[in-house]
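Work through the exercises below with the coordinates open, and attempt each task before reading its solution.

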Amino acid sequence: MATMTPSYLASLTRLRSSIFQTAYNPSSIRTGAKYLRRRLRGPSMIKYYPMRLTILEMMKGVSTKTGKENGVVKYNAAGEEEDMRVWDENELQRLRDVEDRKMRGKGAPKKARSKGEGRRASRKR
Amino acid sequence: MANNIRVLRDIKARNGVFANEIARRAYLYVARDQRLPPQVRHQAQLQLNTFGRYTRPTTVKNRCSASGKGRGIIAEFGLCRYQFRLKARMNQIVGVQKASW
């Protein structure tokens, strides 16, 4: 049987990598090639959740009173521009509730301007 | 879709990954390539560390697209097991029907 010298084996590996178009890397050095070869995952990641229109996005279209600036105008029977704003009913109710609480004296406490002014500082030890 | 905070955070992470993926890949390649000088690799690693947490693909988690639940997700439909059952029984999932024999 013919002796397989290391140089002979190395040349065999080099030949094999050239035939099969693989990188010749006899010492198995990490080349980072896998980070370049791997497919990009971002494009499929952003498609996971179905598109949903939120009130905030809808208001971008008709945010001003008539929507004229965005090229969206609706006229009523008298030929006047109509109010096309979209309201977030939950947010309006929240603001109404906050106003109610304020009138009953149950609003948020005043913010302390300086360190000594705080409620905690004026409390007796 | 349940727009709870966890779903919103997940959407944020997905957008962040999409926007920064190529730059991160390039730095990853430089940092991991053993043929490059150590200083260069170290600099690349430092650059990698400056990316925010919502740019890493591991931050992204598949959540239920109907209820926002994070566990018991059937990957093929992107739904949690309960929403999957509900929708399947309402014939809202094509090609799925209740087993009976």
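**Exercise 1: the contact between the chains**

Task: for this predicted model, establish how many residues each chain gives to the contact between chain A and chain B, and characterise the area buried there.

Solution. Counting residues comes first: chain A supplies 20 residues to the contact, and chain B supplies 27 residues. Turning to area, the two chains bury about 2,100 Å² between them, of which 64% lies on carbon and sulfur atoms. On the side of chain A, the residues that lose the most area to chain B are A:Tyr35, A:Tyr48 and A:Tyr49, which together account for 34% of what that side buries. Helix H2 (33–37) and helix H3 (42–45) of chain A are the elements that each give two or more residues to this side. As for specific interactions, nine residue pairs are in polar contact between chain A and chain B, both residues being at pLDDT 80 or more, while the count of salt bridges is zero.

**Exercise 2: two residues classified**

Task: decide whether B:Gln83 is buried or exposed, and place A:Tyr8 in its surroundings.

Solution. B:Gln83 belongs to helix H3 (residues 81–89) of chain B. Its relative accessibility is 18%, so B:Gln83 counts as buried, the cut-off being under 20%. Leaving aside residues up to four places away in sequence, B:Gln83 touches B:Cys64, B:Ala66 and B:Ser67.

A:Tyr8 sits in helix H1 (residues 6–19) of chain A, and because its relative accessibility is 44%, A:Tyr8 counts as partly exposed. Together with A:Met4, A:Leu9 and A:Leu12, A:Tyr8 forms a nonpolar surface patch with about 390 Å² of accessible area.

Notes. Residues are numbered from 1 along each chain as its sequence is written. Chains are lettered from A and ligands numbered from 1 in the order in which they are written. This is a predicted model: local features need pLDDT of at least 70, side-chain atom pairs count only at pLDDT 80 or more; totals for chains, interfaces and linings use all residues. Side-chain values use heavy atoms; hydrogens and water are left out. Patches are made of residues with over 30% relative accessible area and no salt bridge: like charges are joined within 9 Å, nonpolar side chains (Val, Leu, Ile, Met, Phe, Trp, Tyr) within 5 Å. Accessible areas come from the Shrake-Rupley method with a 1.4 Å probe; for residues, only the protein chains shown count as cover. A salt bridge is a side-chain nitrogen of Lys or Arg within 4 Å of a carboxyl oxygen of Asp or Glu. Helices (H or I, at least four residues) and strands (E, at least two) are DSSP runs, numbered from the N terminus. Buried means under 20% relative accessible area, exposed over 50%, partly exposed in between (1.4 Å probe, protein chains only). Contact means heavy atoms within 4.5 Å. Buried area is the accessible area (1.4 Å probe) that two parts lose on being put together, summed over both. A polar contact is a pair of N or O atoms within 3.5 Å; within protein, one must be able to donate a hydrogen and the other to accept it, and residues adjacent in sequence count only if both atoms are side-chain atoms.
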